[in-house]
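Please read the following walk through a protein model with the sequence and the three-dimensional view side by side. The text moves from sheets to helices, then to domains, and ends with the ligand.

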Amino acid sequence: MDLPLFKKYSEKGLALFKRQTSVVGIDLGSSSLKIVQLRKEKERAVLETYGEISTGPYAGSPVGKSVRLLDKKVVEMLTDLLREANAKAVQAVVSIPLRSSFIRMISMPLMSEKELAEAIPFEARKYIPVPASEVVIDWWLLPEGISSEGKDSEGFIKERKFAEVLLVAIHREAIEKYKRIFQEAKLEVNSFEIEVFSQVRSILGREIQPVLMVDFGAQATRFVVVDYGIVRLAHTVERGSLELTDALSRSLGVDFERAERLKQDIGFSPRPEHKETANVIEPLLDHIFSEGLRVVTEYHRRSERPIKKVWLTGGGSLLKGLVDFSINKFGLEARLAEPFSKTEYPAFLEENLKEIGPIFATALGSALRALQE
Ligand SMILES: Nc1ncnc2c1ncn2[C@@H]1O[C@H](COP(=O)(O)OP(=O)(O)OP(=O)(O)O)[C@@H](O)[C@H]1O
Ligand SMILES: [Mg+2]
């Protein structure tokens, strides 16, 4: 079978040899599945293999389409990719899509951590829009001193009356579904993690200034504010890069494959000869990224801390011209994620890994989680 596999690399032999200490991070996106396998060596993360495979062909659709697959197709796809990428790790960390989860900051009266542990599940019911039995809840108490509400209008530190808590909930159904799939693919799931937390780990350094992370995927775009290295706000827009391809196909009267190629080859280009594609792409980008601008403004208003930088990730962010577009749109420094810089790899891969980094940020961040435990 001709596999719809785009990118792969494997450090031959080693993956098999050292498999006990290797971990594979898995990101099941709507248009493609990505894996990154790492191993820990003297406190460093060594890249063993990575790969990406398109979901479309497993549902009879073209490469690049977002599709919903039957569980058995996901198992088949995962098995194909693990084999092709020569990924032999048994331990996996699996990223859970933001759309199957819920993230929110809540304020709680000051009390001990033990009391908080009892009070939060009750409090959570007010915020989480589905019955408590359908979600798994987790939470973190934010350290004192980074509270956004800790200062009065003159900037003086206020006496702390509330604890800020990051509340996270994941649909039980999503976890159960994933557990079944990975069991069938003979992987032991070390842990599940909501995709944005994996991205924070693989993209950000020690920034304490607020930043905006943009995951421009095929089906959706997520805008996440991270401040002091902690996720503070997450907003999903159900529109992604796939929409650009569909619009190009419709407006220019070309099939999906050709439109996808035009998008990838030309991108968002200001050159006069590319006016036709730019005219289609610009209003869509503008619409999607305006939601990001709203997030930036809202965070500034609430916390009085202006966002300093934008990190772009997700395959959609490889669009030529997107970095400049983002700089103009947000009026901020914007950069593409370089998650592989958190790992060690052979020098000859450098160029390529820099280019494809945004595609693998989530899978890589998931794998890093297990190595850092
Ligand atoms: N070089 C490129 N230029 C422009 N767009 C690209 C490029 N490479 C990939 N893309 C686009 O990136 C999208 C895929 O990104 P990604 O793999 O992050 O999505 P996904 O994780 O499958 O989707 P989602 O996260 O929304 O479920 C596709 O729409 C694809 O067309
Ligand atoms: Mg994705």
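Two strands are said to pair if DSSP finds at least two bridges between them, and helices (H or I, at least four residues) and strands (E, at least two) are themselves DSSP runs, numbered from the N terminus. This is a predicted model, in which local features need pLDDT of at least 70 and side-chain atom pairs count only at pLDDT 80 or more, while totals for chains, interfaces and linings use all residues. Residues are numbered from 1 along each chain as its sequence is written, and chains are lettered from A and ligands numbered from 1 in the order in which they are written.

A good place to begin is an open sheet of three strands, which follow one another in the order β6-β8-β7 with antiparallel pairing. Because β6 (101-109) and β7 (135-141) stand at the edges, each with a single partner strand, one side of each is left without a neighbour in the sheet. From one strand to the next the twist averages 25°, where axes are lines fitted to C-alpha atoms, for helices over the stretch in contact, and angles run from 0 to 180 degrees between N-to-C directions. The antiparallel strands β6 and β8 (residues 162-171) are joined by nine bridges, and serine 101 has isoleucine 170 as its bridge partner in β8. Across β7 and β8 lies helix α4, which runs at about 50° to β8.

The other sheet to consider is also open, with five strands in the order β12-β11-β10-β13-β14 and mixed pairing. Its edge strands are β12 (230-237) and β14 (333-336), each of which pairs on one side only; on average, neighbouring strands here are turned by 20° against each other, direction ignored. Strand β13 (residues 309-313) pairs with β14 in the parallel sense over four bridges, and lysine 309 stands opposite glutamate 333 in β14. Helix α5 packs on this sheet, where it touches β10 (211-216), β11 (221-227), β12 and β13, and its direction makes about 120° with that of β12.

The helix α5 (residues 195-203) also packs against helix α10 (residues 350-372), at an angle of about 85° and with the axes 7 Å apart. The two helices α5 and α10 are therefore roughly perpendicular to each other, a term that covers angles of 65 to 115 degrees. Residues are in contact if their C-beta atoms, placed from the backbone, lie within 7 Å, and those of α5 that meet α10 include Glu195, Gln199 and Arg201, while Leu364, Gly365 and Arg369 are among those on the α10 side. By class, the residues of this contact divide into four nonpolar, six polar and three charged; Ala, Val, Leu, Ile, Met, Phe, Trp, Tyr, Cys and Pro count as nonpolar, Asp, Glu, Lys and Arg as charged, and the others, Gly among them, as polar.

How is the chain divided as a whole? It falls into domain 1 (5-97 + 172-203 + 338-372), domain 2 (99-171) and domain 3 (230-333), with bounds that come from an automatic or database domain assignment. Eight residues of domain 1 are in contact with ten residues of domain 2. On the domain 1 side, α4 (172-184) and β9 (188-194) are the elements that give two or more residues, and α4 gives the most, with four. That side has six nonpolar residues, no polar ones and two charged ones.

Finally, 23 residues surround ligand 1, and Gly29, Ser30, Ser31, Gly217 and Gly315 come nearest; a residue counts as near if its C-beta atom, placed from the backbone, lies within 6 Å of the molecule. Domain 1 and domain 3 each supply at least three residues of this shell. The helices α6 (242-252) and α7 (256-266) each give at least two, and the largest share, three residues, comes from α7. The shell is made up of six nonpolar, 15 polar and two charged residues.

Technical notes
Contact = placed C-beta atoms within 7 Å. Parallel < 35°, antiparallel > 145°, perpendicular 65-115°, else oblique.
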